[in-house]
Amino acid sequence: MSNANEDRWVSDDARAALLHTESNIKRTVKSAWSGFTDFALRDNVLEVAVGLIIATAFTRVVNSLVSDVILPPISLLPFMSRNLEEKFVILRRGPHYVKPGGYNTRNQAVEDGAVILTYGAFLDQFVNFVGIGVTLYILANVYGYFSHESIIKHTVKCPYCRKEIGSKAKRCPMCTTWLDGREEKDTSALAPGA
């Protein structure tokens, strides 16, 4: 009979330990979930995430515009014999280089072991960069026109420390000089001429 009571006490002790462990796990999971939602669902984190998603999609659209619409007509110009991104200069020929034709593509040159300067790929990326920059500038101006809030912050140089500051600033945050002329005014408590 004492064995049955001991088994029952062990079972009660094990049950209590399991219940205690279960409540600790629930508390830990709730705390972790609460911390995650506080971090992930804050306004600025969501704004940044949405902004990055839109920026990625926007970049793809502008890259397609440049690569698929703007650059193909440029490659039809008389001095262009291939697509702009395929333009390259051979710095050192490979062992299978054929004199009259040379290499038709960058891949042929690389596979033959030639050393090439691919200026066309650089120009392609540069045109993409300029295209994205101009498009974003236009979007920022359109947004500012309709919302009456400018995204583009205009700056001027502080006349004292020559650092860039906001054009509407009344005091320079770098040198702490007042920009509205109050430092040039006579602010002495003493009577003039005293």
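The following legends describe close-up views of a predicted model.

**Figure 1. Salt bridge between Lys26 and Glu22 within helix α1.** Two salt bridges are counted in the model, and this view presents the one formed by Lys26 with Glu22. The closest N and O atoms of the pair are 3.5 Å apart. Both residues belong to helix α1, which spans residues 2-40. Lys26 and Glu22 are four residues apart, about one turn of the helix. Lys26 counts as partly exposed because its relative accessibility is 49%. Glu22, at 38% relative accessibility, likewise counts as partly exposed.

**Figure 2. Salt bridge between Arg106 and Glu86.** The side chains of Arg106 and Glu86 meet at an N to O distance of 3.9 Å. This pair links distant parts of the chain, with the two positions 20 residues apart in numbering. Arg106 lies in helix α3 (residues 106-111), whereas Glu86 lies in the loop between α2 (43-75) and β1 (89-92). Arg106 has a relative accessibility of 23% and therefore counts as partly exposed. Side chains of opposite charge can pair when their charged atoms come close.

**Figure 3. Surroundings of the buried residue Asp112.** Asp112 is located in the loop between α3 and β2 (115-117). Although buried, Asp112 has no salt bridge. The nearest side chain of opposite charge is that of Arg93, 9.1 Å away; a salt bridge requires the nitrogen and oxygen to be within 4 Å, so Arg93 does not form one with Asp112. The side chain of Asp112 instead takes part in polar contacts, including one of 2.8 Å with the side chain of His96. Another polar contact, of 2.4 Å, joins the side chains of Asp112 and Tyr103. Leaving aside residues up to four places away in sequence, Asp112 touches Gly94, Pro95, His96, Tyr97 and Tyr103.

**Figure 4. The largest pocket and the residues that line it.** The space in this pocket amounts to about 180 Å³. Its lining consists of Gly51, Ile54, Ala55, Phe58, Leu136 and Leu139. The elements that give two or more residues to this lining are α2 and α4 (119-147). Helix α2 gives the most to the lining of the largest pocket, with four residues. Rolling a probe the size of a water molecule over the atoms shows where empty space is left.

Methods
Residues numbered from 1 in each chain as written. Predicted model: local features only at pLDDT ≥ 70, side-chain atom pairs only at ≥ 80, totals over all residues. Heavy atoms only, no water. Buried < 20%, exposed > 50% of the residue type's maximum accessible area, 1.4 Å probe, protein only. Lys, Arg positive; Asp, Glu negative; His and termini not counted. Polar contact = N/O pair within 3.5 Å; in protein donor to acceptor, adjacent residues only side chain to side chain. Contact = heavy atoms within 4.5 Å. 1 Å grid on protein atoms, 1.4 Å probe; cavity = no way out; pocket = protein on both sides within 12 Å on 5 of 7 lines; lining within 4 Å. Points joined across faces, edges and corners; volume = space filled by probe spheres on them.
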